[in-house]
Amino acid sequence: MIGVDSLSLEQKVGQLFHVGFPGPEPTAELESLIREYHVGGVIYFSRNLETPEQTRTLSRSLQRSALEGGAEIPLFLSVDQEGGTVRRLPYYTDVPGQMAVGATGEPSAAATVAKITARQLRSVGINFNLAPVLDVNNNPANPVIGVRSYGEDPDTVAAFGSRYLEALQSESVVACGKHFPGHGDTATDSHVELPIVDADEDRLARVEFRPFVRAIESGIDSIMTAHVAFPAITGSETKPATLSPAVLTDLLRDRLGFSGVLITDCMEMNAITETVGTERGAVEAIRAGADVVLVSHSADRQRSAIDAVIEAVESGALSETRIDDSVNRILELKDRRDLRPADAASSGDCSPLSERELSAVRDISHASVTLLRGRLDERQIDADEQLYVVAPRTTGGSPAAETQSASAVLRSTLEERGLEVTLLEIGDASAVDGTAIPAGAQVLCCTADVARNPEQRDAVETVIEAGHSPVVVSLTNPYDSHHVPTAETFLTTYDPSPGNLSALVDVLLGDRSPRGSPPTSLR
């Protein structure tokens, strides 16, 4: 392992930064950041990924640039591949998201998903997954976590999260638990503004901290900080946890005993840029105890943040010993995990998975479909009769989530099963006319985060007011059931991955029973 003593200050500071870039090809700015600024990692987004072959070539190219640079240290190549609504790879088999996995009631399902995800990532040279989400979704109005969490119960989140991280790391992919101390009890999105969790330390210890404590006991490689204020810990409603020594050092390091790599959430999120700014935020995060600063988008901000940290060390505002501590942790983890790029001769097939693994994904999807209200025994879809489907064109949500074409995939899945489908896409309330649906017709209404898209609720109510009794399904947020109380039968798939939609169709046709267990407050 390369020793910290052999590195210049610039090389050491560079290792503390992970950066993103636009497009599927390395930019001149990215090459400069790797070769001249010696950054320690690169984060991929969907904008960077096209095919397995392209991603594999990209990963090899970036690793070659790093190894040919002055530091000669391989890169962490990371991605948010949580599954469900947050996944960046546009190819391979989509796995169910965390709340869908949690609904199975089987923590072993989290391990299965993690192993499959790790194999997919390793096949294209990605060695660092920004998962699992360890936030407890104890606020149903949460706009950014929601179905990204395993559920509302801290012990459930802890059990599933620990199985996930152990399985991921067993395949030599770095696991990253997020977002410490917890982003689950927030009503605002840190991409947009600074949220506040106004709970006392006893409650935080019972709920928010518990999954992270379990993850630390399970040997998690890394933890990501939350751009969320915790007044009970910091005494401030304006200081994000990411910038607080009381959170990162006193609590996470000293009290909870975490010795792994501590990475910030993106320092270009509004909770940082509209308060301290990215450059000052980078210095403060490292001073507080962060090992890695994530700057996902702007090359100018990436360079200026690195320069700001170097200047802070040279001026004495940051000690070089503080830098060395982080570099030692980073180098140790890089040495422990296999960061070699994917073999250029690796298969370029659409999935590196065996039929057994694909079957395991299908089983998890079937076990996750959940009946939230009503009965299905007399409401099953008749494949020999026309089906009217009222659904939003796409699902999206938080900036962290990928937009997915839910209605098209659902229609295709239904038609593959021999159904004649008339699709009415929800744009606004006036786009759906319940009276245009024939009396006695079978109707399926779909929602995807009604709180953000109230026109979906209006469309369902229009159908009900016209005298129809639709089966209603939330394709994402199960808490949609609170917003449509007039619907007699309500199901959820938690996310619109193709496997979950296929499992939903099996349930609607009566071939399978809904077996999922919903979050505690929906039982």
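User: Before we count anything, what makes a salt bridge here, and how many salt bridges does the rule give?
Analyst: A salt bridge is a side-chain nitrogen of Lys or Arg within 4 Å of a carboxyl oxygen of Asp or Glu. Keep in mind that this is a predicted model. Run that rule over it and the count comes to 33 salt bridges.

User: Let's take K239 and E284. How far apart in sequence are the parts this pair ties together?
Analyst: The closest N and O atoms of K239 and E284 are 3.9 Å apart, and the cut-off is within 4 Å, so the pair counts as a salt bridge. K239 sits in the loop between α9 (231–234) and α10 (245–255), while E284 belongs to helix α12 (residues 278–288). The salt bridge therefore ties together parts that are 45 residues apart in sequence.

User: Of those two, which one counts as buried?
Analyst: Buried means under 20% relative accessible area, and exposed means over 50%. K239 comes out at 31% relative accessibility, so K239 is partly exposed. At 14%, the buried partner is E284.

User: What separates E332 and R336 along helix α14?
Analyst: These two form a salt bridge, with the closest N and O atoms 2.9 Å apart. E332 is partly exposed at 35% relative accessibility, and R336 is partly exposed too, at 42%. Both lie in helix α14 (residues 320–336), and because they are four residues apart there, the separation is about one helical turn.

User: And R393 with E425: how many residues apart are they?
Analyst: R393 and E425 form a salt bridge whose closest N and O atoms are 2.8 Å apart. This pair links distant parts of the chain, with R393 in the loop between β10 and α16 and E425 in strand β11 (residues 421–426). E425 is partly exposed, with a relative accessible area of 26%. Along the chain, R393 and E425 are 32 residues apart.

User: Which residue joined to H179 by a cis peptide bond also belongs to a salt-bridge network?
Analyst: H179 lies in strand β5 (residues 174–180). A cis peptide bond, with omega about 5°, joins H179 to K178. The network of salt bridges links D80, E82, R88, R148 and K178. The name you want is K178.

User: What is omega for the cis bond between F180 and P181?
Analyst: Most peptide bonds are trans. P181 sits in the loop between β5 and α7 (201–206). F180 is also part of an aromatic cluster with F209 and F212. For the cis bond joining F180 and P181, omega is about 5°.

User: On to rings: how far apart in sequence are the parts that F76 and F128 tie together?
Analyst: The whole structure holds five aromatic pairs. F76 and F128 make an edge-to-face pair, 5.1 Å centre to centre with 80° between the planes. F76 lies in strand β3 (residues 76–79) and F128 in strand β4 (residues 128–129), so the parts tied together are 52 residues apart in sequence.

User: Are F76 and F128 buried or exposed?
Analyst: The cut-off for buried is under 20% relative accessible area. F76 has 0%, and F128 has 1%. So the word for F76 and F128 is buried.

User: What angle lies between the ring planes of Y91 and Y92?
Analyst: Y91 and Y92 form an aromatic pair, with their rings 4.8 Å centre to centre. Y91 is buried, and so is Y92. Planes over 60 degrees apart count as edge-to-face, and this edge-to-face pair has an angle of 90°.

User: What phi does Y92 have?
Analyst: Most residues other than glycine have a negative phi. Y92 lies in the loop between β3 and α4 (98–103), and Y92 counts as buried at 11% relative accessibility. Although Y92 is not a glycine, its phi is positive, about 70°.

User: And where is S172, and what is its phi?
Analyst: S172 is found in the loop between α6 (154–170) and β5. S172 is buried, with a relative accessible area of 16%. S172 is not a glycine either, yet its phi is positive, about 60°.

User: Last one: which helix gives the largest share of the negative patch?
Analyst: On the surface, E10, D307, E311 and E314 gather in a patch of negative charge. E10 has its place in helix α1 (residues 9–15) and is partly exposed, with a relative accessible area of 37%. The largest share, three residues, comes from helix α13 (residues 299–315).

Conventions: Residues numbered from 1 in each chain as written. Heavy atoms only, no water. Patch = residues over 30% accessible without salt bridge, like charges linked within 9 Å, V, L, I, M, F, W, Y side chains within 5 Å. Areas by Shrake-Rupley, 256 points an atom, 1.4 Å probe, with all protein chains shown as cover. Lys, Arg positive; Asp, Glu negative; His and termini not counted. Charge placed at Lys NZ, Arg CZ, Asp CG, Glu CD. Helix = DSSP H or I, 4+ residues; strand = E, 2+ residues; numbered from the N terminus. Buried < 20%, exposed > 50% of the residue type's maximum accessible area, 1.4 Å probe, protein only. Phe/Tyr/Trp six-rings, centres within 6.5 Å; stacked < 30°, edge-to-face > 60°.
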